[in-house]
Amino acid sequence: MNLLFSDTFVENLKKFSSIKAAVKNKVDMIAENPISLGEPLKGNLRGFYSYPVRKNFIIIYLYCDICRKKGDNEIVVCKDCIKSPDNTIKFLTLGPHDYIYKLKAIKKLAEPGESKKEL
Ligand SMILES: [Zn+2]
């Protein structure tokens, strides 16, 4: 798998450093099985997947193979999708459930130019 981490993801991981190990563990699990583990989001968050780290605390990511097949890459503005290998997973953000769902700018997280290879 080709894993990418947005600036926001890395910053939030620092903010919630007490669960850093748990997050890394979940990232590894998602990397093994991004489709069957994640829950596809609906409505204006269509194209994104969420996965709980613990109760009420979630990771949001994209899996390029799937977002392209479904045409979600245009909805989520996964702009460099075409340049990314099929097996690219983009980790976009993480945080408490309510905080994530209130985010209006979540789609901006999918835009290129702010991803890191290493966590
Ligand atoms: Zn994509």
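This is a short tour of a predicted model, with a suggestion at each stop of what to select.

**Stop 1: the whole chain**

Start with the protein chain in cartoon view, where you will find 6 helices and 6 strands. Reading from the N terminus, the order of elements is β-α-α-α-β-β-β-α-α-β-α-β. Of the 119 residues in the chain, 34% are buried. Among contacts between residues at least 6 apart in sequence, 66% join residues at least 24 apart.

Now colour by confidence. The average pLDDT of the chain is 86, and 90% of the residues score at least 70. Helix 2 has the highest confidence, with a mean of 96, while strand 6 has the lowest, at 72.

**Stop 2: the sheet**

Select the strands together. They form an open sheet of 6 strands in the order 2-3-4-5-1-6, and the pairing is mixed. At the edges are strand 2 (39–40) and strand 6 (115–116), each of which pairs on one side only.

Begin at the strand 2 edge. Strand 2 is antiparallel to strand 3 (residues 49–54), and 2 bridges link them. Show Pro 40 here, and look across to Tyr 49, its bridge partner in strand 3.

Next, add the helices that pack on the sheet. Helix 1 (residues 7–15) touches strand 1 (2–6), strand 5 (88–96) and strand 6, and its direction makes about 40° with that of strand 5. Helix 2 (residues 20–32) packs on the sheet too, touching strand 1, strand 3, strand 4 (57–63) and strand 5. Its direction makes about 140° with that of strand 3.

**Stop 3: strand 1 and its two partners**

Select residues 2–6, which make up strand 1. Is this strand enclosed or open to the outside? It is largely enclosed by the rest of the structure, because 4 of its 5 residues are buried.

On one side, strand 1 pairs with strand 5 in the parallel sense, over 4 bridges. Show Leu 3 and its bridge partner in strand 5, Ile 89. The pairing of strand 1 with strand 6 is antiparallel and has 2 bridges. Phe 5 is a good residue to centre on: Lys 116 stands opposite it in strand 6, and Phe 91 stands opposite it in strand 5.

**Stop 4: strand 5 and strand 4**

Keep Phe 91 in view and extend the selection to the whole of strand 5. This strand is mostly covered, with 8 of its 9 residues buried. Strand 4 pairs with strand 5 in the antiparallel sense over 7 bridges. Add Tyr 61, which stands opposite Phe 91. So far, then, Phe 91 has been seen opposite Phe 5 and opposite Tyr 61.

**Stop 5: the nonpolar core**

In soluble globular proteins, nonpolar side chains tend to be buried together. To see the core of this model, show side chains for Ile 60, Tyr 61, Leu 62 and Phe 91. Of the 26 residues in the largest nonpolar core, these four touch the most other members. At least two residues each come from strand 1, helix 1, helix 2, strand 4, helix 4 (64–69) and strand 5. Which element supplies the largest share of this core? Strand 4 does, with 6 residues.

**Stop 6: the two sides of helix 1**

Turn the view so that you look down the axis of helix 1. Its buried residues are Thr 8, Phe 9 and Leu 13. They fall within an arc of 135°, so they line one face of the helix. Select Glu 11, Lys 14 and Lys 15 for the other side, where these residues are exposed. The cover over the buried residues includes strand 1, helix 2 and strand 5.

**Stop 7: Pro 34**

Finish at Pro 34, which belongs to helix 3 (residues 34–37). Is Pro 34 buried or exposed? Pro 34 has 22 other C-beta atoms within 10 Å, so it counts as buried, the cut-off being 20 or more.

Leaving aside neighbours within four places in sequence, show what Pro 34 is in contact with: Tyr 49, Tyr 63 and Ile 89. Two of these have appeared before: Tyr 49 as the partner of Pro 40, and Ile 89 as the partner of Leu 3. For a last distance to draw, pick the C-alpha atoms of Pro 34 and Asn 87, which are 9.6 Å apart in space and 53 residues apart in sequence.

Note on methods. Residues are numbered from 1 along each chain as its sequence is written. This is a predicted model: local features need pLDDT of at least 70, side-chain atom pairs count only at pLDDT 80 or more; totals for chains, interfaces and linings use all residues. Two strands pair if DSSP finds at least two bridges between them. Two residues are in contact if their C-beta atoms, placed from the backbone, lie within 7 Å. Axes are lines fitted to C-alpha atoms, for helices over the stretch in contact, and angles run from 0 to 180 degrees between N-to-C directions. A residue is buried if 20 or more other C-beta atoms lie within 10 Å of its own, exposed if 12 or fewer, and partly exposed in between; C-beta atoms are placed from the backbone. A nonpolar core is a set of buried Ala, Val, Leu, Ile, Met, Phe, Trp, Tyr and Cys residues joined through C-beta atoms within 7 Å. The arc is that of the directions from the helix axis to the C-beta atoms. pLDDT is the predictor's confidence in each residue, from 0 to 100.
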